[in-house]
Amino acid sequence: MKIEKIEPFIFQYELEDSFYFSQWEYKARTICLVKVTADDGTYGWGEGYGPASLVKGGIEFLTPDLLGRDPQQPEALWQTMFLRSFDFARRGVLLSAVSAIDVALWDLKGKLWNQPVSVLLGGRKRETVQAYATGMYFSHVDDLPSALADEALTYKEEGFRAMKMKVGLGVENDVANIKAVRDAVGPDVDVMIDANHAFSLREAVQLAQAIEQYTISWFEEPLSPEHYDGYAELRSKTDIPIAGGECEYLRSGFFHLFRNKSVDIAQPDICAAGGLTEVKKIADLAEVFGIEVVFHTFGSGIALAAALQLLSNVNVVPGRRLEPNLLVELDRTTNPLRERMVVPHYKLQGDTIEIPDAPGLGVDIDEDEFRKYVCK
């Protein structure tokens with residue numbers, strides 16, 4: 001059994017209404033997927049998180065070292081990719097290319113062995129997880145607090161018991177937006193906030209202390225991901241759990257994050273931090289430090305499938321007979337690349353999502369949707 005082809009594809013959907021967060025504005029949704037095909041025709045799909053054209057270039061860079069190799073050995077191939085890229089990519093977008101290929105290899109191996117990836121990773125410990133709604137980005141409206149409150153109510157009516165909103169417009173504006181959302185959804189819905197590293201330590205402390213009264217479930221990426229000590233200091237000055245790790249990479253990066261006591265909740269992105277091979281190890285490391293893990297997921301249905309397969313396998317921190325909920329991020333912004341590209345479509349009962357149990361990731365790419373959104 002040999003790898004015959006590795007093909008990266010860029011997909012794009014132009015948004016009718018743009019939205020923005022603390023760093024920049026989205027006018028389109030663009031992703032890079034990779035298809036790895038064995039010499040018997042079996043294939044697997046993977047996804048890289050980050051600028052799609054750069055991820056595609058990284059996949060093309062790594063491809064010559066993988067062609068002709070056995071696709072049933074993803075950890076050995078991961079080591080080849082890691083060593084090939086180590087001198088230039090201890091962090092960053094080339095690791096997204098490694099991640100994309102790694103996810104595709106696990107998908108391919110699962111299909112060859114007729115097992116879901118979760119079984120190959122060590123076994124399924126759960127068949128469903130709770131999804132939380134990610135949305136409430138900023139838009140160009142006259143009354144943003146009311147617009148965010150209305151959106152939050154929509155998620156509550158759909159059955160979501162937890163949701164995440166954006167902050168980063170300045171402490172005063174953020175407090176007004178958070179209050180509007182909390183007032184709208186009431187006390188029984190978990191509300192998380194995500195700053196996308198918009199604040200200084202002083203601002204983050206000011207905001208955290210101002211919103212503790214609104215029972216915030218976590219404060220995500222309040223500071224620059226480089227400021228490990230700042231994260232630790234913020235944790236000491238608020239009762240709100242601090243989350244981060246979307247911009248962290250590899251076990252070595254998360255070890256630094258954990259050793260500095262920077263976060264209560266770690267958020268590695270499987271499609272950026274090293275793929276399923278590496279993020280399983282990151283989750284094991286988090287367990288050693290007693291830190292919860294909630295994977296960052298923002299892309300297509302392939303990224304979501306990878307997160308669900310690993311969530312089926314990982315241990316819960318803390319472990320107990322009646323385990324706490326494991327959460328998966330479910331982006332609710334307009335994105336047909338997530339909703340329509342994969343088959344079968346995901347099954348939601350309220351906010352509970354079934355983990356696919358078909359071989360590999362449990363999903364495939366719809367050929368009609370592929371042709372509709374692939375960039376020529």
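**Empty spaces and helix packing**

Three cavities of 30 Å³ or more turn up in the structure, which is a predicted model. A simple idea sits behind a search of this kind: rolling a probe the size of a water molecule over the atoms shows where empty space is left. The largest cavity holds about 60 Å³ of space. Its walls are made by Glu221, Pro225 and Tyr231, together with the run Gly244, Gly245, Glu246, Cys247 and Glu248, and by Leu257. Sorted by class, that lining comes out as four nonpolar, two polar and three charged residues.

The second largest cavity has a volume of about 50 Å³. Thr297, Phe298, Gly299 and Ser300 help to line this second cavity, along with Leu304, Glu329, Leu330, Asp331 and Arg338. Strand S11, which covers residues 327–331, is the element that gives the most here, with three residues. The mix of classes is an even split: three nonpolar, three polar and three charged.

Next come the pockets. About 830 Å³ of space lies in the largest pocket. A set of 43 residues lines the largest pocket, and Trp24, Tyr26, Tyr49, Gly50 and Glu246 are the ones nearest its centre. Several elements each give two or more residues to this lining, namely strand S2 (25–38), strand S3 (43–48), helix H3 (93–113) and strand S5 (162–166). Strand S2 has the largest share, at eight residues. By class, the lining of the largest pocket is made up of 17 nonpolar, twelve polar and 14 charged residues. Glu246 shows up twice in this picture: it belongs to the lining of the largest cavity, and it is also listed among the residues nearest the centre of the largest pocket.

For the second largest pocket, the volume is about 530 Å³. Here 29 residues form the lining, with Glu292, Val294, Asn325, Leu326 and Leu327 closest to the centre. At least two lining residues come from each of strand S6 (190–194), strand S7 (216–220), helix H10 and strand S10 (292–293). Helix H10 gives the most, with four residues. In terms of class, the second largest pocket is lined by 16 nonpolar, five polar and eight charged residues.

Helix H10 also takes part in helix packing. Its partner is helix H11: the axes of H10 (residues 275–289) and H11 (residues 301–313) come within 11 Å of each other and cross at roughly 40°. The two helices are therefore oblique to each other. H10 passes H11 in a right-handed crossing. On the H10 side the contact involves Leu276, Val279 and Lys280, and these meet Ala306, Leu310 and Asn313 of H11. Four of the residues in this contact are nonpolar, one is polar and one is charged.

Helix H3, already met in the lining of the largest pocket, packs against two other helices, H1 and H2. Take H1 to begin with. Helix H1 (residues 52–62) packs on H3 at an angle of about 65°, and the two axes are 8 Å apart. That angle makes H1 roughly perpendicular to H3. The crossing of H1 and H3 is right-handed. From H1, the residues in contact are Leu54, Val55, Gly58, Ile59, Phe61 and Leu62, while H3 brings in Val93, Leu94, Ser96, Ala97, Val98, Ala100 and Ile101. What classes of residue make up this contact of H1 with H3? Eleven are nonpolar and two are polar, with no charged residues.

The pairing of H2 with H3 has another geometry. The axes of helix H2 (residues 74–85) and H3 come within 10 Å and cross at roughly 165°. That makes H2 roughly antiparallel to H3. The crossing of H2 and H3 is right-handed. H2 makes this contact through Pro74, Leu77, Trp78, Met81 and Ser85, and H3 through Leu94, Val98, Ile101, Asp102, Leu105, Trp106 and Lys109. Nine of these residues are nonpolar, one is polar and two are charged. Leu94, Val98 and Ile101 of H3 take part in the contact with H1 and in the contact with H2 as well.

Notes
Residues numbered from 1 in each chain as written. Predicted model: local features only at pLDDT ≥ 70, side-chain atom pairs only at ≥ 80, totals over all residues. Heavy atoms only, no water. 1 Å grid on protein atoms, 1.4 Å probe; cavity = no way out; pocket = protein on both sides within 12 Å on 5 of 7 lines; lining within 4 Å. Points joined across faces, edges and corners; volume = space filled by probe spheres on them. Nonpolar A, V, L, I, M, F, W, Y, C, P; charged D, E, K, R; others polar. Axes fitted to C-alpha atoms, helices over the stretch in contact; angles between N-to-C directions. Parallel < 35°, antiparallel > 145°, perpendicular 65-115°, else oblique. Left-handed = near helix turned anticlockwise from the far one by under 90°. Contact = heavy atoms within 4.5 Å.
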